[in-house]
Amino acid sequence: MHSPGMQDRQTATRRRRSLAGASILLGAILLSGCAPEPEPVPYAQPVELPPKSDAPDGGVANVDLADEAWVAEVSSSSGIPERALRSYAGAAIRKAELTPECGIGWTTIAAVGFAESDHGRHDGSKLGEDGVVTPPIFGVPLQGGETEEITDTDQGVLDGDPVHDRAVGPFQFIPESWKNWGTDASGDGVLDPQNLDDAAMAAANYLCRASDYDMRTEAGWLSGIRAYNSSPEYLRRVAAAANEYAEAVPSVGK
């Protein structure tokens, strides 16, 4: 899905407040010389769908699906920017309509968005009201060594690199994955991996498919996230963020 090498380089900029302690170094060795027992990998507990807005059902873009008061309150308590939260909540609501058997939570989508790009704010990028991140977010060239080697598959159209592929956008899709899962969730007629609405929905589609369509179970959730990034540390970071976000939901919305 994306470059593990980029994940390593981006860790410092992605962590926020108590989430900074979520990563666990599995290779740590005790002074006695014995490796610690690996800790169980947690998963994101299932959550209720965000309440829907009173906008008419027909032709509503994902960004307008969630109740505005809910978005404002959860954004304030979770630290997720309102514009990003509207993308995540909308993707979960839309996915529940299209593939109810998946049950993917908005918290999981948000946690992946946090882990991949700090909700579109990686390296100084900003998320616009149109959902597009500027400047665009690109990963390192996937040229081998610390990353998988993937030679160019898109003639540089998506990632600006005609030699090697790079992960693209706030959810870090490589061009081939975007070709398979990219979607227009913003309603602007363009499939844009730099648009958080499009990218969040594409990630939800991918995670549901990779989990065999049930993200509400521990096995299904782990299967989906492992398909995105198989690192145990990554799974822990995403699970920790998702479960923390769930605690930010007002009791009336639970």
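Is Cys102 buried or exposed? In this predicted model, Cys102 is buried, with a relative accessible area of 0%. Its disulfide partner is described below, after the overall fold.

The chain comprises eight helices and two strands. From the N terminus on, the order of elements is α-α-α-α-β-β-α-α-α-α. Of the 254 residues, 50% count as buried. Among contacts with a separation of 6 or more, 62% are made by residues 24 or more positions apart. The exposed area of the chain is about 11,500 Å². Carbon and sulfur atoms supply 52% of that area.

One disulfide is present in the structure. It joins Cys102 to Cys208, with the sulfur atoms 1.8 Å apart. The torsion about the S-S bond is about -80°, so the disulfide is left-handed. Distant parts of the chain are linked by this pair. Cys102 lies in the loop between α3 (82–98) and α4 (106–117), whereas Cys208 belongs to helix α6 (residues 196–210). The two cysteines are 106 residues apart. Cys208, like its partner, is buried: its relative accessibility is 0%, and that of Cys102 is 0%.

The loop that carries Cys102 also holds Pro100. Pro100 is partly exposed, with a relative accessible area of 48%. That value lies above the 20% limit for burial and does not pass the 50% limit for exposure, which means that Pro100 falls in between. Beyond residues up to four places away in sequence, Pro100 touches Lys95 and Arg216. Pro100 and Asp214 are 114 residues apart in sequence, yet their C-alpha atoms are 9.0 Å apart in space.

Helix α6 contributes a further buried residue, Leu207. Leu207 is found in helix α6 and has a relative accessibility of 0%, so it counts as buried. Outside its neighbours within four places in sequence, Leu207 is in contact with Ile104, Thr108, Val112, Met215, Gly224, Ile225 and Tyr228. Two of these names, Thr108 and Val112, recur in the contact of α4 with α8. Gly224, Ile225 and Tyr228 are among the buried residues of helix α7 (residues 218–228). The C-alpha atoms of Leu207 and Arg226 are separated by 9.3 Å, and the two residues are 19 apart along the chain.

The buried residues of α7 are Gly220, Trp221, Leu222, Gly224, Ile225 and Tyr228. Their cover includes α4, α6 and α8. An α-helix has 3.6 residues a turn, so residues three or four places apart point the same way. Among the buried residues of α7 are Trp221, Ile225 and Tyr228.

Two of the helices that cover α7, namely α4 and α8, also meet each other. The axes of α4 and helix α8 (residues 232–247) come within 8 Å and cross at roughly 130°. That angle makes α4 oblique to α8. The crossing is right-handed. On the α4 side, the contact is made by Trp106, Thr107, Thr108, Ala110, Ala111, Val112, Phe114, Ala115 and Glu116. On the α8 side, the residues are Tyr234, Arg237, Val238, Ala241, Ala242, Tyr245 and Ala246.

Several backbone features lie in loops. Asp118 has a positive phi of about 55° although it is not a glycine. Asp118 sits in the loop between α4 and β1 (126–127). With a relative accessible area of 2%, Asp118 is buried. Gln172 likewise is not a glycine and has a positive phi of about 55°. The position of Gln172 is in the loop between β2 and α5. Gln172 counts as buried, at 0% relative accessibility.

The loop that holds Gln172 also contains Pro135, between β2 (133–134) and α5 (175–181). Here the peptide bond from Thr134 to Pro135 is cis. Its omega is near -10°.

Terms used: Residues numbered from 1 in each chain as written. Predicted model: local features only at pLDDT ≥ 70, side-chain atom pairs only at ≥ 80, totals over all residues. Heavy atoms only, no water. Disulfide = S-S within 2.5 Å. Helix = DSSP H or I, 4+ residues; strand = E, 2+ residues; numbered from the N terminus. Buried < 20%, exposed > 50% of the residue type's maximum accessible area, 1.4 Å probe, protein only. Contact = heavy atoms within 4.5 Å. Areas by Shrake-Rupley, 256 points an atom, 1.4 Å probe, with all protein chains shown as cover. Axes fitted to C-alpha atoms, helices over the stretch in contact; angles between N-to-C directions. Parallel < 35°, antiparallel > 145°, perpendicular 65-115°, else oblique. Left-handed = near helix turned anticlockwise from the far one by under 90°.
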